[in-house]
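Colleague: I would like to go through the strand pairing and the pockets of this model, with the reason for each label.

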Amino acid sequence: MMKTVIHKLPKLLHGGDYNPDQWLDHPEVLAEDIELMKKAGVNTVSVGIFAWASLEPCEGVYDMDWLGEVIDRLYENGIYTVLATPTGAMPNWLTEKYEEVRQMGSSGVRNLSGKRHNFCYTSPVMREKTKKIDMELSRRFGKHPGVILWHISNEMGGNFTDGTCYCPLCQEKFRQWLKNKYKTLDALNTAWWTKFWSHTYTDWSQIHAPAPHGENLLHGLNLDWKRFSTEQLVDFYNEEVRAVRTNSDLPATTNMMGFFKDLDYCKFADSIDIAAWDAYPEWHSQKDEVDIAVWTAALHHQFRSLKKAPFLMMESTPSITNWKVNNIQKRPGMHELTSLQAIGLGSQSVQYFQWRKSRGSFEKFHGAVIGHTDHGNTRIFREVSRLGKRLHDISDEIYDTCNQPKTAFVFDWENWWALEDAAGPKKEMAYVGTFLSHYKPFWEMGIDVDVVPMEDDFKDYQLVIAPMNYMYKPEYAEKIRRFVREGGTYVATYFSGLVDDTDLCFIDRQPLDDVLGVSCEEIDSPNEFYKNHILYNGKKYDTGDLCEVLKVADAETLAVYEKDYYGGYPAVTVHTYGKGKAYYMACRTEEAFLKDFYGDIAAQCGLENGLTDRLPYGVTVSRRENDEKALYFVQNFNPAPVTVWLKGCFENIETGESVSGILQMSGYSCVILKKQIER
C-alpha cells in the first residue's frame, strides 16, 4: 500500500491558506496569528499562493525577506509551511508589459489584466517569468526545514470564463499537437468525419480551436481541443515542478476542484506526488444532508483513486463560502463531521480557505477561522480548535492506513466530454448525475469504492461498474473482457460502448456484445406522456428518460419493461462469461431500483462494510486499514441521534472503550472504531 509522501511531517495536517502578504503593514497580525494557530491545533499553513506582486514587486527584483521571516517564525512555533508558486494570479507589471501572457477567449478577444488564472499556458514569456520566480523560491526556501511540500499554482484552469486560452500561440501549438497525433490530414479528416457538412481540411492552417463564431460541431475537434488543453496545463505544471526542484527534493501537488469539466484530472496522476482537492459542498441546501454527503464522498474517492493512496483536502471552509445563492453557515457539529468524513475516506489533512479573512475585495466575506472581529472568541474558532485537538490525538492511529476498496466505478473525463457533446438522444445526458445515482447505494451500504478512468487495469477489484460508458478507449474492451473472464463482475448501462476514442460510432457491433450477451437495437428518450416501469424480483419500479430496446443473444433476463411497444422486452440482464458475470441495465430507473439491485450485486460478490448488516438512513461508514487493523469511521449526517447495530466487538480509538451490540450516535457526529485484523 502506498503512503503519503510528506515525510517531513508524518501527521494529519491541520491548517490552511494563510496570506500574510496582505498584512505586511500590520506586523502585529503575524504574532497574533501564530498564537491563535497554536490554540487551534494548526500544524501546517499554505503560504504565497497569490503573492507574486509582493515577491516580485517589479520585473526581476525579488523581495522575499518577508516570506523568510514568516516561514522562520512559523517553524519556530511548530507550524510547517506548504509553499506555493504564485502563478494563480499575475502582477499588473507583468500582464501590462507582456500582452501575450494574458489569456484570449474563444471570441478572439484577449482578456484585460486582472482576475485569477488568467495566464496563457503556451506563452514563452509566461513560462520564462514563472521559471525565474519558481527557481528563486527554490533557492531561498527549497531546503528550509519548515517547508514540507510544494503547492504548484492554484486551481489550475479555473478562470472565470472557461479557463482555456485561444490565442494565436495556443492555436499554433494545437496544430502541431494534431500533426504529432495524426501525422497526416487524411488521418485527421477520417477521425473527425469532416466530410460531414463538407468541412474537409486541406491544410493544417485551416484548423482552429472550436469557437461559437466558427466550427464547434465537429465532435472530434471538440474532444481533441479539450485533450490538448489538459496536456498543456499538465506540461505547465511539470515545468513549474522542474523549476522548484532545482534546489529542493520536496514533493509537489496542485489543488484540484471536484467535478471540474474543463480538465481531465486523471492526466495529472503521473505528475503529482500526492493528490489534493478543494472541497466546498453545499451543506444544509436540501431537505437533508444525504445527497450532499454522497457528492462529497464520491469526490474524496475520486481524488484518493488518482494515486490509490492518501490525499489532501487542501481547502474547505469551517463556516461559509461567498459565491453561492445562499451561503448558509455550517450548523454546530457539521464542520467536525465533514472534516472526519474526508479523513475517513483517505485524506491526510483538513485545511481551510482561509485562515484569516481579508479586509477587502472579492473574498472578504468568505468563511475563515479568524474573522474581522472577535478573532479567537467565536463559535467557529472553538469548533476548529476542538477538531484540531481531535486530529492531533488520533493522528498516530490513522496516519499509516488507507482505504482498500474491492469495487471500482469507471468515471472518465474524455467519456464525459464526448457524452455531453453527443447531440442525442437527450440534450443533457447528465453523466455526473448518473454516476452519483449509481454510487449512492454503495454510500448507503458503507462500501468503499475507487473511482478510476478507462486506463485502469481493474486487476485489484471484484466489481467494476461503468455507468454510461459511451466511449471505449483502445484496449478498454479487452481489459473488461479479461476481467470478467477471470471471475470479475461487471455492470454496464444504457448508452455504453457506442463510439471509439475519436468519437466515431462503432459499426456492426458493440465491442463487448460477447461479454454482455445483448446488443442495443434502439434507444428511446420518453417524456412524461410515455412513462414506463420495469418488473424486477416481483416489484415494480419507474423508468426514466432513457430506455433501450435490447436484442438478447444468450443473456438471462432479470427485469422486463411493463408496457409500450417494448413491453415485455428485457430491461436488465446478466450473462455468464468465463468465470465471471456481466450485467446490463438498459434504462434509467428510480433510486429504489438501484438500491435493491446493487444490494443484490454486493451480496453476490461478498462485499460488505464489516461493521453492520444495515445502516440507518443518513448514516454511512468508511474503512481505512493496514496489515494489522481496520478503522471504521461511522458518520451520522442526521441532525438527530441514531442507533447503529454492530456485528462484532470494536474499540473506540478515542476513548479506549469496547463497543459491541449497539452504538449510540449524536446528531452530526463521527465515531471511529477499531478492529484488529486476523491474518
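Modeller: The model is predicted. To begin with a cut-off, two strands pair if DSSP finds at least two bridges between them.

Colleague: What makes β7 and β8 a pair?

Modeller: Strand β7, residues 276-278, and strand β8, residues 312-315, share three bridges in the parallel sense. The requirement is at least two bridges, so the two strands count as paired. Within the pair, A276 stands opposite L312 in β8. Between the strands the chain passes through helix α9, residues 290-307, in a right-handed β-α-β crossover.

Colleague: Why is the crossover called right-handed?

Modeller: With the strands pointing away from the viewer, a path that runs clockwise from the first strand over the helix to the second is right-handed. The path from β7 through α9 to β8 is assigned that hand, and therefore runs clockwise in this view.

Colleague: What makes R116 a lining residue of the second largest pocket?

Modeller: A lining residue has an atom within 4 Å of a pocket point. R116 is one of the 22 lining residues, so R116 has such an atom. R116, E155, M257, Y280 and W323 lie nearest the centre of this pocket, whose volume is about 590 Å³.

Colleague: Which residues are closest to the centre of the largest pocket?

Modeller: The largest pocket has a volume of about 700 Å³. Of its 26 lining residues, Q22, F50, R116, S361 and E363 are the closest to the centre. Helix α2, residues 52-55, gives the most to this lining, with three residues. By class, the lining has eleven nonpolar, ten polar and five charged residues.

How values were computed: Residues numbered from 1 in each chain as written. Predicted model: local features only at pLDDT ≥ 70, side-chain atom pairs only at ≥ 80, totals over all residues. Heavy atoms only, no water. Helix = DSSP H or I, 4+ residues; strand = E, 2+ residues; numbered from the N terminus. 1 Å grid on protein atoms, 1.4 Å probe; cavity = no way out; pocket = protein on both sides within 12 Å on 5 of 7 lines; lining within 4 Å. Points joined across faces, edges and corners; volume = space filled by probe spheres on them. Nonpolar A, V, L, I, M, F, W, Y, C, P; charged D, E, K, R; others polar.
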